[in-house]
Amino acid sequence: MARIRKTSKEALEEKIEKAEADVVAAKKKYDQATANLKELLDKRDAIRKEEILSAVVKSGRSYEEIMNFLNTRSDGEKTEK
């Protein structure tokens, strides 16, 4: 039985369709990975905030002392608010 050969145009169209499907699949995987990364970063930030708040409470320093410390550069000069 004779085999019908596809024209180069048909073959090109099939390759384009496959490439489009590959892009869609890659985008879906990328979107899932970025959503997972965002969730993990948000969890890390929440833990860090809790750690900072706990350290502030344990420090026994006043609000003014903490704010002065945070608003002072390493060279001792005040930063602008």
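## A walk along helix 1 and beyond

Start by selecting V23, which sits in helix 1 (helices here are DSSP runs of H or I with at least four residues, strands are E runs of at least two, and both are numbered from the N terminus). V23 is exposed, at 56% relative accessible area; the cut-offs are under 20% for buried, over 50% for exposed and partly exposed in between, with a 1.4 Å probe and protein chains only. Add A33 to the selection: the two residues are 10 apart along the chain, and their C-alpha atoms are separated by 15 Å.

A word on what's on your screen: this is a predicted model, in which local features need pLDDT of at least 70 and side-chain atom pairs count only at pLDDT 80 or more, while totals for chains, interfaces and linings use all residues. Residues are numbered from 1 along each chain as its sequence is written, and side-chain values use heavy atoms, leaving out hydrogens and water.

**Zoom out**

Now show the whole chain. It has 2 helices and 0 strands. The radius of gyration is 29 Å, well over the 12 Å that the globule rule gives for 81 residues, so the chain is more spread out than a compact globule. (That radius is taken over C-alpha atoms, and the rule is 2.2 Å times the number of residues to the power 0.38.) Along the principal axes, the C-alpha atoms fill a box of roughly 90 × 25 × 15 Å. Switch on a surface if you like: buried residues are 2% of the 81, and carbon and sulfur atoms hold 59% of an accessible surface of about 8,200 Å² (Shrake-Rupley, 1.4 Å probe; for residues, only the protein chains shown count as cover).

**Helix 1, end to end**

Select residues 8–59. How far apart are the end C-alpha atoms of helix 1? They are 74 Å apart, which agrees with the 76 Å that its 52 residues should span at 1.5 Å a residue; the expected span is 1.5 Å times one less than the number of residues. Click on G60, which follows helix 1: its phi is positive, near 75°.

**Salt bridges on the way**

Next, look for salt bridges, meaning a side-chain nitrogen of Lys or Arg within 4 Å of a carboxyl oxygen of Asp or Glu. By this rule the count comes to 5. An α-helix has 3.6 residues a turn, so residues three or four places apart point the same way. Keep that in mind for these pairs:

- K18 and D22: their closest N and O atoms are 3.1 Å apart. They are 4 residues apart in helix 1, about one helical turn. K18 is exposed at 53%, and D22 is partly exposed at 41%.
- K27 and D31: the closest N and O atoms here are 2.9 Å apart. Again 4 residues of helix 1 lie between one position and the other, about one helical turn. D31 is partly exposed at 34%.
- E39 and K43: the N to O distance is 3.4 Å. Both lie in helix 1, 4 residues apart, about one turn. K43 is partly exposed at 49%, as is E39 at 43%.

**Last stop: helix 2**

Finally, select residues 63–70, which are helix 2, and pick out I66 there. Is I66 buried or exposed? I66 is buried, with a relative accessible area of 16%. Draw a C-alpha to C-alpha distance from I66 back to K28, and you get 45 Å across 38 residues of sequence.
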